[in-house]
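Below are some notes on a structure that you may not have seen before. Please read them with the model open.

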Amino acid sequence: MAFSETFHCNVCGKPKSEEACDWWLAWEDQVSPLPKVEQPLLKVTHWNDFLAHDAAVKHLCGARCAQTLLDRWMHEVGE
Ligand SMILES: [Zn+2]
């Protein structure tokens, strides 16, 4: 059985269509420059159907929403 699943942009809520090809994925990770020092890191990559199923991944409908997510994330991290 083929299952169809609709992803929505985590920033603007737009549903992803089959033809949409400029979508992006983002997720938070950690980097440790020194032992016991952890810095949050935001990773962004081009759309990948396998990665899109990861619960921690944010779905982005384009560069504009990716920038909005980055702005929000920087604001949260900077606080
Ligand atoms: Zn969007």
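The points below go from the whole chain to its sheet.

1. The model is predicted. The chain has 79 residues, and 16% of them count as buried. Along the principal axes, its C-alpha atoms fill a box of roughly 45 × 25 × 15 Å.

2. Two helices and three strands make up the secondary structure elements listed for the chain. Read from the N terminus, the order of the elements is β-β-α-β-α. A helix thus stands between the second and third strands in that order, and another helix ends the series.

3. How are the three strands arranged in the sheet? They form an open sheet in the order E2-E1-E3, with antiparallel pairing. The edges are strand E2, residues 37-46, and strand E3, residues 58-60; each of these pairs on one side only. From one strand to the next, the twist averages 40°.

4. In general, strands of a sheet pair through backbone hydrogen bonds, and the pairing is either parallel or antiparallel. In this model, strand E1 covers residues 24-34 and runs antiparallel to E2. Nine bridges join E1 to E2. For one of the residues, tryptophan 24, the bridge partner in E2 is histidine 46.

5. What share of the contacts in the chain with a separation of 6 or more comes from residues 24 or more positions apart? The share is 54%. This figure refers to contacts within the chain and leaves out pairs with a separation under 6.

Key
Residues numbered from 1 in each chain as written. Predicted model: local features only at pLDDT ≥ 70, side-chain atom pairs only at ≥ 80, totals over all residues. Pairing = 2+ DSSP bridges. Helix = DSSP H or I, 4+ residues; strand = E, 2+ residues; numbered from the N terminus. Axes fitted to C-alpha atoms, helices over the stretch in contact; angles between N-to-C directions. Buried ≥ 20, exposed ≤ 12 C-beta atoms within 10 Å, placed from the backbone. Contact = placed C-beta atoms within 7 Å.
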